[in-house]
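Trainee: Could we take a close look at one part of this protein? I'd like to hear about the core and the helices packed around it.

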Amino acid sequence: MPIRMTFLAVTAGLALLASQGSTYADDKAAAAVAADDNGKYTDKEGSPTFKIQEDGTVDWYSYSGYRRFNSECHVCHGADGAGSSFAPALANSLKAMSYADFLSIVAEGRKNLSAGKENVMPAFGNNKNVYCYMDDLYVYLRARAVGDLPRGRPAKHEDKPQAAKDAEASCMGG
């Protein structure tokens, strides 16, 4: 599985960079679109970001992230990333979590022990329904974290770009 190996190698490299002791804080200014690659947006640091138009139309990847989150993540992290008794509110966590940290935690999982309570985030690096859509999940949760995307299903979204169709077919094996 060359895609899986490449994904884990990139994730490990990003995690190493993230562990170099830097602190991270995200906000609307940091999440601003700096580049557009056929509907896939990045910020000035090159991390994936979202675009919401004046009329509320969201980019395809944010919409896809909403769908994937509600398929795979909401059971523990609550509706719209608002948290639950099982897992933290990702709409808050992403305010202080870099893209590299997000990839590492989702792919490899983690265990936290606090006040005698153990919380476990399972590894999703083998789940194609998650790792093929990591950027989508990230941009959706990032939009929620900085307050630009309200709770609930986005009412309008851009069409699915050909690049998203191609990436999905390649990763999912279609």
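Mentor: Sure, let's start with the ground rules and then go to the core. This is a predicted model, where local features need pLDDT of at least 70, side-chain atom pairs count only at pLDDT 80 or more, and totals for chains, interfaces and linings use all residues. Residues are numbered from 1 along each chain as its sequence is written, and side-chain values use heavy atoms, leaving out hydrogens and water.

A nonpolar core here is a set of buried Ala, Val, Leu, Ile, Met, Phe, Trp, Tyr and Cys residues joined through side-chain atoms within 4.5 Å, with buried meaning under 20% relative accessible area (1.4 Å probe, protein chains only). The largest one has 34 residues, and Phe69, Leu94, Phe102, Met134 and Leu141 touch the most other members. Several helices (DSSP runs of H or I, at least four residues, numbered from the N terminus) supply at least two residues each, including helix 2 (60-72) and helix 7 (134-145). Helix 7 gives the largest share, 8 residues.

Now zoom in on Leu141: leaving aside residues up to four places away in sequence, Leu141 touches Phe69, Gly81, Leu90, Leu94 and Phe102, where touching means heavy atoms within 4.5 Å.

Helix 2 and helix 7 also meet directly: their axes (lines fitted to C-alpha atoms over the stretch in contact, with angles from 0 to 180 degrees between N-to-C directions) come within 7 Å and cross at roughly 95°. The two helices are therefore roughly perpendicular, a label for angles of 65 to 115 degrees. Among the residues making that contact are Tyr66 and Phe69 of helix 2 and Tyr140 and Leu141 of helix 7.

Definitions and conventions
Buried < 20%, exposed > 50% of the residue type's maximum accessible area, 1.4 Å probe, protein only. Parallel < 35°, antiparallel > 145°, perpendicular 65-115°, else oblique.
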